[in-house]
Amino acid sequence: VHYHAVLVDMHLRKGQSSPQGIEVLRQLRSCYPSLNLIAFSGDLDMDLMEGALRAGADRFIAKPLVAEEVVSALDKLEALFLLRE
């Protein structure tokens, strides 16, 4: 199975002070450089958003997730993917 995009929640475990999703993004970007990464979180702290983008996220979406917003982000990533082929 080949994936083109992954959605990563920044806070994977409740009660953790640091966002574990940042490390997941780094590892995914390192192992799969062409994979599209969408980070999401209910914590809309600017440092978290910037950290997610620096770690490799292509987009950042706020929770609660809205279906139309997720579909729109995926559509944009698909369009970019098709342009690269």
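**Figure 1. A salt bridge between Lys63 and Asp9 in the predicted model.** Let's begin with the pair Lys63 and Asp9, whose closest N and O atoms sit 3.0 Å apart. Lys63 belongs to the loop between strand S3 (59–62) and H3, while Asp9 is in strand S1 (residues 5–9), so this contact ties together parts that are 54 residues apart in sequence. The two partners differ in their cover: Lys63 is partly exposed, with a relative accessible area of 35%, whereas Asp9, at 17%, is buried. The cut-off for buried is under 20% relative accessible area, and that is why the 17% of Asp9 earns the label. In total, the structure holds three salt bridges; the next views turn to further pairs.

**Figure 2. A cis peptide bond joins Lys63 and Pro64.** Stay with Lys63 for a moment and look along the backbone. The peptide bond from Lys63 to Pro64 is cis, with omega at about 5 degrees. Pro64 is found in the loop between S3 and H3. Lys63 lies in that loop too, and its side chain is the one that pairs with Asp9.

**Figure 3. Glu23 and Arg26 meet within helix H1.** Here the side chains of Glu23 and Arg26 form a salt bridge, at 3.6 Å from N to O. Both residues are in helix H1 (residues 21–31), and because they are three residues apart there, about one helical turn separates them. Each partner is partly exposed: Glu23 has a relative accessible area of 37%, and Arg26 has one of 46%.

**Figure 4. Arg29 reaches from helix H1 to Asp58.** In this salt bridge between Arg29 and Asp58, the closest N and O atoms are 3.2 Å apart. Arg29 is in helix H1 and Asp58 in the loop between helix H2 (46–54) and S3, so the pair ties together parts that are 29 residues apart in sequence. Asp58 counts as partly exposed, at 31% relative accessibility.

**Figure 5. Three leucines make a nonpolar surface patch.** Leu7, Leu65 and Leu74 together form this patch of about 210 Å². Leu7 comes from strand S1, and Leu74 is placed in helix H3 (residues 67–84). Leu7 is partly exposed, with a relative accessible area of 36%; Leu74, at 32% relative accessibility, is partly exposed as well. For a sense of scale, the C-alpha atoms of Leu7 and Ala67 are separated by 13 Å, although these residues are 60 apart along the chain.

**Figure 6. The largest pocket, with a volume of about 230 Å³.** Twelve residues line the largest pocket, and the closest to its centre are His2, Tyr3, His4, Ser34 and Leu35. What is the make-up of the lining, in nonpolar, polar and charged residues? Seven are nonpolar, four are polar and one is charged. As a friendly reminder, rolling a probe the size of a water molecule over the atoms shows where empty space is left.

**Figure 7. Ser18 and Leu48, a pair 30 residues apart in sequence.** From C-alpha to C-alpha, Ser18 and Leu48 are 9.5 Å apart in space. Ser18 is part of the loop between S1 and H1. With a relative accessible area of 42%, Ser18 is partly exposed.

Notes
Residues are numbered from 1 along each chain as its sequence is written. This is a predicted model: local features need pLDDT of at least 70, side-chain atom pairs count only at pLDDT 80 or more; totals for chains, interfaces and linings use all residues. Side-chain values use heavy atoms; hydrogens and water are left out. Patches are made of residues with over 30% relative accessible area and no salt bridge: like charges are joined within 9 Å, nonpolar side chains (Val, Leu, Ile, Met, Phe, Trp, Tyr) within 5 Å. Accessible areas come from the Shrake-Rupley method with a 1.4 Å probe; for residues, only the protein chains shown count as cover. A salt bridge is a side-chain nitrogen of Lys or Arg within 4 Å of a carboxyl oxygen of Asp or Glu. Helices (H or I, at least four residues) and strands (E, at least two) are DSSP runs, numbered from the N terminus. Buried means under 20% relative accessible area, exposed over 50%, partly exposed in between (1.4 Å probe, protein chains only). On a 1 Å grid over the protein atoms alone, a cavity is a set of points where a 1.4 Å probe fits but cannot get out, and a pocket is an open set with protein on both sides within 12 Å along at least five of seven lines; lining residues have an atom within 4 Å of a point. Grid points are joined across faces, edges and corners, and a volume is the space filled by probe spheres set on the points. Ala, Val, Leu, Ile, Met, Phe, Trp, Tyr, Cys and Pro count as nonpolar, Asp, Glu, Lys and Arg as charged, and the others, Gly among them, as polar.
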